[in-house]
Amino acid sequence: MIMAGQFRSYVWDPVLIISQISLMQFIFYSSLGLWIAALDLLIHYSPSFDQIFHYEILGFSSVHGRVTMVAFILNSLTCSLGLLYFIRRGKQCLDFTVTVHLFHLLGCWIYNSQFPSTITWWLLIVVCIGLMAVTGEYLCLRTELNEIPLNSAPKSNV
């Protein structure tokens, strides 16, 4: 549906939305894996899937738990770059951020065979959602507010 007087038309494109969701999930898990591997290398710990999906690992009581939490926070910043380059709409950043973390919740639930119940996991997820959404929206809005060139011909001094 195209409406006159609008800058962009909004067309329902489920293939685009599903591919963007899939791409953001790929970015989320691949960059999280890279952050965990890099930070584990610093503390001489071997990375595992438990760090991604096992919610009881996260916590302040161990170095391993704190490092994994830092990896999640750094991953939020990395994923906000994914929002900038592949979603490109400030209005959609929160939607895609919540969707990515909702699928992560489902993955954790399936991996552990029980619903995540630690307060640390929930607080970390809320912080990561807020950080990724706000940073992604800020970056997208900066590019959306760039001037649109009206004339493509080179300027001449008259």
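The following exchange explains how several labels are assigned in this predicted model.

User: What should be known about the model before its values are read?
Analyst: This is a predicted model, in which local features need pLDDT of at least 70 and side-chain atom pairs count only at pLDDT 80 or more, while totals for chains, interfaces and linings use all residues. Residues are numbered from 1 along each chain as its sequence is written, and side-chain values use heavy atoms, with hydrogens and water left out.

User: Why is the pair of Phe 28 and Tyr 29 called edge-to-face?
Analyst: Rings of Phe, Tyr and Trp (its six-membered ring) pair if their centres lie within 6.5 Å; planes under 30 degrees apart count as stacked, over 60 as edge-to-face and the rest as tilted. By this rule there are six aromatic pairs. In the case of Phe 28 and Tyr 29, the centres are 5.0 Å apart and the planes stand at 80°, so the pair is edge-to-face. Ring pairs also join Phe 28, Tyr 29, Phe 53 and Tyr 111 into a cluster.

User: What makes Phe 28 buried or exposed?
Analyst: Buried means under 20% relative accessible area, exposed over 50%, and partly exposed in between (1.4 Å probe, protein chains only). Phe 28 has a relative accessible area of 2%, and is therefore buried.

User: Why does Tyr 29 count as partly exposed?
Analyst: The relative accessibility of Tyr 29 is 23%, so this residue counts as partly exposed.

User: Why is Ser 19 classed as partly exposed?
Analyst: Ser 19 has a relative accessibility of 38%, which lies in between the two cut-offs, so the residue is partly exposed.

User: How do you know that Cys 93 is in no disulfide?
Analyst: A disulfide is a covalent bond between the sulfur atoms of two cysteines. The rule applied here asks for a pair of cysteine sulfur atoms within 2.5 Å, and by this rule the count is zero. For Cys 93, the nearest cysteine sulfur belongs to Cys 140 and is 3.7 Å away.

User: Why is Cys 93 called buried?
Analyst: Its relative accessible area is 0%, so Cys 93 is buried. Cys 108 is also buried, with a relative accessible area of 0%.

User: Which residues does Trp 121 touch?
Analyst: Contact means heavy atoms within 4.5 Å. Not counting residues up to four places away in sequence, Trp 121 touches Tyr 55, Leu 58, His 104, Leu 105, Cys 108 and Pro 116.
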